[in-house]
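Subject: The structure, plus some notes

Hi,

Here is the structure I promised to pass along. Have a look at it first, and then my notes below should be easier to follow.

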Amino acid sequence: MDTSDRSTSILAVVVVALLTAATIGLSAFVISSTPTGAVAAATGSPAPTLAAVEPSPTPSIDAPSASPSDSASPLPSASASAEPKATPKPVLAMNLYRKGDFVSELTPKQCVSAAMQIMLNITGRTNDRSSATQTALAKLAKSLSNAPYGGTEPLGWARGLQKRGAGKYEVVVEPTMIAAVKRGIEAMRATGRPLGLLVWRGAHSWVLHGFETTADTAGPDAWKVSYIYVSDPWYPRLSRIWGRSRGPNARITPKQLTVDYLKWKRPTGRYPGMDGKYVLVIPVKG
């Protein structure tokens, strides 16, 4: 063979060998690559994590560091990193009412004795909803009222409760509705006993037996009244002047109370010390 032909043949063999090696190497790279994304899901092979592709200088939730210190202190979850919600204002709630405490007044003139009966049920161990008891309470309150114009007065309400073993009660007045309600709530918080409200300008009686405030009334922080719980013995009647009565254990706002709880003003005559004031019967210690 000619020397030039031999060189050409050798060159051709080298080129072929190089091409073959390149092809084999490329095939080996494709075969050894790990499937990712949709391919990984279809084949069941796990997709590479971020740490496997490019180690992160700082641990992440998806790619935790393998150092012992990091594994001993797990990273917070994604939900924990969310912005915390505003803390709600604290609420003090107290309601003495129990199912069965309520009684309706037998006649339109027995609202005081019906309110007394509700309060005695709340403070007592058992409930007495009998007509006989309400009638007896009406006579008792009237006898203790010393009313110049007859009838039953707040004083008879307070004295009658004490006579029947509900603890000491007294009649108090305040210049504003909020002041009266707050004073009543403070008394209820201190004694654990309900109180009475003289609503409809003093013509009717309600029982206040529960409340919700923005802070503890016995604590150092300022507080506001959010809701009160009342029972109206006029229920389920309808008044032509005041509308439909609220049901037992009604939860109302101070704004709703302004419709019914008004300054004392009686057409029967003057009441020094009570006229133009908010009147209530509150429990006291002792």
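First, a caution about the start of the chain: pLDDT stays under 50 over residues 1-81. For that stretch the model has 24 contacts beyond four places in sequence. Where pLDDT is low, the predicted coordinates should not be read in detail. This is a predicted model, after all, and its mean pLDDT is 78, with 69% of the residues at 70 or more.

Now the overall picture. The protein has 286 residues, and 34% of them are buried. Nine helices and nine strands are present. If you take the contacts between residues at least 6 apart in sequence, 60% of them join residues at least 24 apart.

On to the inside. In soluble globular proteins, nonpolar side chains tend to be buried together. Here the largest nonpolar core has 54 residues, and Trp157, Leu197, Ile228, Leu257 and Tyr261 are the ones with the most contacts inside it. Helix H5 supplies the largest share of this core, eight residues. To get a feel for the packing, try clicking on Leu257: leaving aside residues up to four places away in sequence, Leu257 touches Met177, Val181, Leu197, Trp206, Ile228 and Ile252.

Trp157 also belongs to helix H7, residues 154-163, where Pro154, Gly156, Trp157, Ala158, Gly160 and Leu161 are buried. What do the buried residues of H7 pack against? Their partners are the helices H5 and H6 plus the strands E2 (169-174), E3 (195-199), E4 and E9 (278-283). After H7 comes Gly165, with a positive phi near 85°.

Next, the pocket. The largest one has a volume of about 720 Å³. It is lined by 27 residues, of which Lys109, Cys111, Gly151, Thr152 and Ala203 are the closest to its centre. Three elements give two or more residues to the lining: helix H5 (111-123), helix H6 (131-143) and strand E4 (204-213). H6 gives the most, with four residues. As for chemistry, the lining divides into 13 nonpolar, nine polar and five charged residues.

A few backbone details are worth a look too. Most residues other than glycine have a negative phi, and most peptide bonds are trans. With that in mind:

- Asn146 is not a glycine, yet has a positive phi of about 55°. You'll find Asn146 in the loop between H6 and H7. Is Asn146 buried or exposed? Asn146 counts as exposed because its relative accessible area is 60%, and the cut-off for exposed is over 50%.
- Arg201 is another non-glycine residue with a positive phi, this time about 60°. Arg201 sits in the loop between E3 and E4, and its relative accessibility of 37% makes it partly exposed.
- The peptide bond from Tyr235 to Pro236 is cis, with omega near 5°. Pro236 lies in the loop between strand E5 (225-231) and strand E6 (238-239).

One last spot to check is Ala179, in helix H8 (residues 177-191). Ala179 is partly exposed, at 25% relative accessible area. Its C-alpha atom is separated by 8.8 Å from that of Tyr278, although the two are 99 residues apart along the chain.

Cheers

Terms used
Residues are numbered from 1 along each chain as its sequence is written. This is a predicted model: local features need pLDDT of at least 70, side-chain atom pairs count only at pLDDT 80 or more; totals for chains, interfaces and linings use all residues. Side-chain values use heavy atoms; hydrogens and water are left out. On a 1 Å grid over the protein atoms alone, a cavity is a set of points where a 1.4 Å probe fits but cannot get out, and a pocket is an open set with protein on both sides within 12 Å along at least five of seven lines; lining residues have an atom within 4 Å of a point. Grid points are joined across faces, edges and corners, and a volume is the space filled by probe spheres set on the points. Ala, Val, Leu, Ile, Met, Phe, Trp, Tyr, Cys and Pro count as nonpolar, Asp, Glu, Lys and Arg as charged, and the others, Gly among them, as polar. pLDDT is the predictor's confidence in each residue, from 0 to 100. Contact means heavy atoms within 4.5 Å. A nonpolar core is a set of buried Ala, Val, Leu, Ile, Met, Phe, Trp, Tyr and Cys residues joined through side-chain atoms within 4.5 Å. Buried means under 20% relative accessible area, exposed over 50%, partly exposed in between (1.4 Å probe, protein chains only).
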